[in-house]
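Colleague: I should like a close look at one part of this model, the packing of a pair of helices, with some account of the surroundings. Please set out the terms as you use them.

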Amino acid sequence: MTAVVSEPTQAPAQGKISLRLAPAVISWIQAAPLALILGAFLALPILMIAVVSFWDYDFAQMRPDFLFTNYLETLGSWVTWKTYLNTLKFAVLVWAITLFVGFWVAYFLAFHIRTSTMQMVLFLVCTVPFLTSNIIRMISWIPVLGRNGLVNTALVETGIVSSPIEWLLYSDFAVVLAMVHLYALFMVTPIFNTLMRIDRALIEAARDAGASGWQVLTNVIIPLAKPGMAIGTIFVVTLVMADFSTVQVMSGGQSASVALMMKNQMSLLQYPAAAANAVVLLIVVLMMVAGILRVVDIRKEL
Amino acid sequence: MTGETRSREFYVLAAFFVVFVLFLYGPLSAILILSFQGPNGGLTFPLNGVSVHWFGNLFEQQAVGDFGGSFKRSLTLGLMVMAVTVLVSLLAGPGVPPALHRCHAAVLSGSGEPRRALDHHLARHRCVVPAAWS
């Protein structure tokens with residue numbers, strides 16, 4: 001009888017042995033899927049591009065090799081430098097405009113809207129256009145800016161100008177306009193987040209100390225908004241440097257960009273040359289990001 | 001607070017914001033208006049007849065591309081990507097900071113007492129760690 005009684009009481013105790021892993025192992029397992037995805041989709045392709053950039057090629061095939069000719073051709077050609085200069089010009093222009101526009105929109109949303117419901121609503125109003133396709137939003141500028149488009153017909157019919165303005169479309173102006181349109185939100189969001197985190201008591205303290213509105217802006221708000229501005233800058237700069245469709249469509253094929261250069265090389269099946277270009281672009285953009293991170297410390301944001 | 005009048009700065013910034021929103025929505029709304037044209041419509045104003053002809057054309061047999069099929073494919077793709085991304089990010093969110101901090105803490109403390117060093121590190125950096133895992 002004792003044997004029969006003791007068995008059932010022992011069984012539940014044995015069944016309760018659960019799988020107890022150390023917390024360290026658990027957190028590594030949790031981080032594993034993301035690490036695998038980043039490794040397979042980010043690290044591996046970049047490694048492959050770096051390897052291919054040293055290969056040899058002719059009109060018909062690629063041969064695994066270890067040559068520096070691709071890099072010498074890329075860095076030694078004046079076409080490359082001119083294209084980089086052109087792309088950097090767009091990057092600087094788009095960055096300056098989106099910084100100005102983004103800061104004031106974020107400032108308005110953070111400091112002048114009283115209820116947080118309204119803030120969410122207005123923020124959604126700004127975000128909804130970005131849910132539609134990038135290409136559509138870029139192409140939708142063409143009927144607006146074209147020679148017979150909205151702007152020109154309105155100007156000609158009201159008599160402000162005698163003939164349609166030519167430089168509205170298929171020009172640098174159109175490229176910068178379309179890029180600002182596409183990437184403005186990437187500047188508004190980080191700055192808005194940073195401004196929301198600013199302790200309102202600091203601004204009250206500044207006013208109590210006698211600061212004017214302008215002094216509050218330059219001494220309290222802008223220094224505290226710098227991490228957000230840096231993050232937005234990183235987004236916008238990397239996006240502009242990698243953009244090829246906007247430059248090609250909005251300039252009508254007249255302007256060059258680095259990514260377009262790579263696309264052309266790939267369509268000619270000159271993969272090692274395109275890979276060398278890609279590595280050079282990656283290094284340039286990483287240097288720019290490192291420069292931005294040197295100037296502003298964004299660890300407070302993360 | 002409710003009776004406070006708005007400063008002039010508010011009106012200037014509000015006008016700027018309205019212009020910004022119009023700038024964002026402008027081209028899309030132009031295209032939207034242009035889509036309500038008749039069969040002879042082009043990409044320019046004025047409108048060539050007002051009808052829903054092109055919306056009907058969307059669902060008919062097309063010479064180039066099949067709207068219904070491609071829409072279904074895009075939707076399925078979007079749902080699959082969303083599921084995978086949400087799953088991976090949810091797992092990685094609470095998992096990556098402790099994993100990184102354990103590395104940090106082990107390095108900093110000379111791996112004397114990893115658990116105490118981790119708690120010390122987390123306390124200093126005020127990380128959000130779910131209680132279940134700490």
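Modeller: The helix pair comes first, followed by some loop residues and then the second chain.

This is a predicted model, in which local features need pLDDT of at least 70 and side-chain atom pairs count only at pLDDT 80 or more, while totals for chains, interfaces and linings use all residues. Residues are numbered from 1 along each chain as its sequence is written, chains are lettered from A and ligands numbered from 1 in the order in which they are written, and side-chain values use heavy atoms, with hydrogens and water left out.

Helix α4 (residues 78-112) and helix α11 (residues 213-242), both of chain A, pack with their axes 9 Å apart and at an angle of about 135°. Helices here are DSSP runs of H or I of at least four residues, and strands are E runs of at least two, numbered from the N terminus. Axes are lines fitted to C-alpha atoms, for helices over the stretch in contact, and angles run from 0 to 180 degrees between N-to-C directions. The two helices are therefore oblique to each other; angles under 35 degrees count as roughly parallel, over 145 as roughly antiparallel, 65 to 115 as roughly perpendicular and the rest as oblique.

Contact means heavy atoms within 4.5 Å. On the α4(A) side, the contacting residues include F90(A), W95(A), F103(A) and W104(A); on the α11(A) side, they include L217(A), I221(A), M229(A) and V236(A). The residues of this contact divide into 18 nonpolar, 3 polar and no charged. Ala, Val, Leu, Ile, Met, Phe, Trp, Tyr, Cys and Pro count as nonpolar, Asp, Glu, Lys and Arg as charged, and the others, Gly among them, as polar.

Two loop residues of chain A also deserve mention. Y170(A), in the loop between α8 (150-158) and α9 (172-197), is not a glycine yet has a positive phi of about 55°. L269(A), in the loop between α13 (258-267) and α14 (271-295), likewise is not a glycine and has a positive phi of about 65°. Y170(A) is partly exposed at 41% relative accessible area, whereas L269(A) counts as exposed at 52%. Buried means under 20% relative accessible area, exposed over 50%, and partly exposed in between, with a 1.4 Å probe and protein chains only.

Chain B has 4 helices and 0 strands. In the interface, 36 residues of chain B are in contact with 39 residues of chain A.
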